[in-house]
There are 2 protein chains.
Amino acid sequence: MLPGINDKFSESARTMKRSAIREILKLIQKPEMISFAGGLPSPLSFPVEEVKEITTHILETQGAEALQYGTTEGDPLLREMILKRHAGQGLNAKPENLAISTGSQQALDILGKIFIDPGDYVICGLPSYLGGITAFNAYRAKMKGIPFDDKGMRIDLLEEAVQRLTDLGKKIKFIYIIPDFQNPAGITMPEERRLEILEIAERYDLLVIEDSPYRDIRFEGTPQKMVYQLDKSGRVITLCTFSKIFAPGFRVAWLLGHSDIIDKFIMAKQSADICSPVILQKIIAEYMQRGLLEKNMGKTIALYRRRRDLMLECFEKHMPAGVSWTRPEGGLFLFITLPETINADEAFARAVKNNVAFVKGSVFYCNDTGKNTMRINFSYSDDELIEEGIKRLAAVINGMIAEQDNS
Amino acid sequence: MLPGINDKFSESARTMKRSAIREILKLIQKPEMISFAGGLPSPLSFPVEEVKEITTHILETQGAEALQYGTTEGDPLLREMILKRHAGQGLNAKPENLAISTGSQQALDILGKIFIDPGDYVICGLPSYLGGITAFNAYRAKMKGIPFDDKGMRIDLLEEAVQRLTDLGKKIKFIYIIPDFQNPAGITMPEERRLEILEIAERYDLLVIEDSPYRDIRFEGTPQKMVYQLDKSGRVITLCTFSKIFAPGFRVAWLLGHSDIIDKFIMAKQSADICSPVILQKIIAEYMQRGLLEKNMGKTIALYRRRRDLMLECFEKHMPAGVSWTRPEGGLFLFITLPETINADEAFARAVKNNVAFVKGSVFYCNDTGKNTMRINFSYSDDELIEEGIKRLAAVINGMIAEQDNS
């Protein structure tokens, strides 16, 4: 240990931990492991050939620009393509409502920076995306978690919590939600619930961060309006990304918000990384201009739908009574709830011994609950691995329940 | 204005301003402008053909990995190549001393996050890189600037300032230096000065951030040891980048430091952008493995040396008496000092009217001084533009001096 280094770290740094998920991923890196732990898109969804062709084209036609610094706001053509796509979905955002970010994770980080002072409150779901919690924690936010029903955050409990914090004189900065195919719960909020959350945000004058990485990966049912579209007063900031519909290795994402917020966001991004990688923005812009995004997305959706279906089938077949799970209409994850007496930490240790892995649901609970829950990714593993993996997992859970019954 | 938004922004966000340099760059975007303002590498230095060939190769041999998420630590081959290159330069760093960042700007931002609590002091040069000052300001550091002599930060004044702040019970977190071809001053610290700064850091137990983006772009003279190499106690963190020796549009950089610091850095980077773009890291790794980095760098150095020489010639020829400038042994910038009575703000306004631009030196002074200084970039403009641009600039300065003599 470097002498005295702990006195030099900031208050923020002293409480930082390595991401539980990324540490799990390291732990389970062996070939015989079947992993439902990561949030990885399937490599089958990556448009490798198209990227190859387009990169050559970009370097031949605008090589110098592609390798040079770009504006913090983002590549002009990419910005145009994104706004056009939104317009086609009925969302008319203006250029001043749009910023490009280096992955949605950067957007979460910068939103933390521009909104959170130490001790400010952020409302999030129980459970909620770990990367969001960690980003806000780094600015020393206090996270207040709101339990879910099958439509998302429970409105009665949300209102109660907001009222109580307000009464205590606490400053709440925003409500953080993932309304479509929530990570980790796989739940989608119906329009009614979105409106109810907005109504509370309105009444208590709160911002809403709508994190929407999975929205385009819908298998069935009717797309719900983005909370951004339902909002009338400029209090919603929506994060979208190319990570799940194109490729995460590009780290290109975007966000929509009121121009005053986007303006501040861009100031903060200037000192965070100057600009997102220019060449990658240009590749995606060209890819969109060629109409390849929607085309390839269709294939990705079909692939993930099949994998979700297979996984649900395997659950039906192998999981013991008392175990329940969500049936997501899209996205990458579903969420398992074990009998209350079964601890997912213990299940994890046994599962890893049996060469199958998942993420303990508790890491997504900012209040240290959720001990009997597990997040399962269905986008990454192929059919054979899904069947074998769920068999192994069910055997572990069956074993734990049987032991308990016998004791 | 979104009602009440200023009450929602964090203390940090409320004091943020757009980067003065990037706003200048927007202001001067017209074809007839000759700009010495930006810090842009020459497009002639970009290995467009090689990148094209290598990208195709990467996508054909490891397409799926290149488009997938990667580790926060960085691409294994890129890390290996960087350590090998350092070893060849006599610097034996271990894997745990290395992290990849999304440009050095991200490294500055994250170091701010992990070290600075509001009110902590950071020592920097007068002048100093604006992006560094802005990054630390965003964490509400107090910047204490130390004037320069021709070898860099003045040691007597550094010691005096550190002692005074210490006596006042202030917490100083680090000394921020750019020892090679400083931005903006173009000055290189000799080894003696580096050792003196280290000695003070040692005595007062301070960290040192050595920002070293230009180090490899040396035209003449003997390379000085990196402060990182001179340090014996793990208190130096060094930032290096591919922006000036390869291409800034890739946003790939790296840093070296004590393993305890790098470890914390990686935790913070996990929530800042998960990982730097994987495909770009792989392209650079392959580029280095093929031995192209040193080869192309030779051409870049020759090009910039010629441009610096030409610029110095033009200064000799056209600049009036009373104007002085630095003669950098490398890098991208030189620094002009006007007679004390001549204001560079006014010179800037007149220069822009005459279609030539630079950056007012005052933006690099955290104490709002340097009103008679200007930063000039010599890497970007070609010979003809340098000759014509310096003529125009000299005419503006001549005019201002003549007016003053007549008044």
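**Exercise 1. The interface**

How many residues of chain B are in contact with residues of chain A? Describe the interface in this predicted model.

*Solution.*
Step 1. Count the residues on each side: 88 residues of chain B touch 88 residues of chain A, where contact means heavy atoms within 4.5 Å.
Step 2. State the area. The size of an interface is often expressed as the accessible area lost when the parts come together. Here chains A and B bury about 7,300 Å² between them, and 59% of this lies on carbon and sulfur atoms.
Step 3. Identify the leading contributors on chain B. B:K8, B:L67 and B:Y69 provide 11% of the area that chain B buries against chain A, more than any other three residues.

**Exercise 2. The relation between the chains**

Determine which operation lays chain B on chain A, and through which surface the copies meet.

*Solution.*
Step 1. A turn of 180 degrees, with a shift of 0.0 Å along the axis, lays chain B on chain A with an RMSD of 0.0 Å.
Step 2. Such an operation is the relation of a two-fold axis.
Step 3. Of the interface residues of chain B, 100% are also interface residues in chain A, so the copies meet through the same surface.

**Exercise 3. Two packed helices**

Characterise the packing of helix α6 (residues 103-115) of chain B against helix α7 (residues 130-137) of chain B.

*Solution.*
Step 1. The axes of α6(B) and α7(B) lie 8 Å apart, at an angle of about 30 degrees.
Step 2. Angles under 35 degrees count as roughly parallel; α6(B) and α7(B) are therefore roughly parallel to each other.
Step 3. The crossing of α6(B) past α7(B) is right-handed.
Step 4. On the α6(B) side the contact is made by B:Q105, B:L108, B:D109 and B:G112; on the α7(B) side, by B:G131, B:G132, B:A135 and B:F136.
Step 5. Sorted by class, the contact of α6(B) with α7(B) comprises three nonpolar, four polar and one charged residues.

**Exercise 4. Backbone features of chain A**

Locate the cis peptide bonds at A:P127 and A:P184, and describe the phi angle of A:F181.

*Solution.*
Step 1. A:L126 and A:P127 are joined by a cis peptide bond with omega of about 10 degrees. A:P127 belongs to the loop between β3 (121-126) and α7 (130-137) of chain A.
Step 2. A cis peptide bond also links A:N183 to A:P184, with omega of about 10 degrees. A:P184 is placed in the loop between β6 (172-177) and α9 (191-203) of chain A.
Step 3. A:F181 is likewise found in the loop between β6 and α9 of chain A. Its phi is near 50 degrees, a positive value in a residue other than glycine.

Methods. Residues numbered from 1 in each chain as written. Chains lettered and ligands numbered in written order. Predicted model: local features only at pLDDT ≥ 70, side-chain atom pairs only at ≥ 80, totals over all residues. Heavy atoms only, no water. Least-squares fit on C-alpha atoms with pLDDT ≥ 70 in both. Axes fitted to C-alpha atoms, helices over the stretch in contact; angles between N-to-C directions. Helix = DSSP H or I, 4+ residues; strand = E, 2+ residues; numbered from the N terminus. Parallel < 35°, antiparallel > 145°, perpendicular 65-115°, else oblique. Left-handed = near helix turned anticlockwise from the far one by under 90°. Nonpolar A, V, L, I, M, F, W, Y, C, P; charged D, E, K, R; others polar. Buried area = accessible area lost by both parts, 1.4 Å probe.
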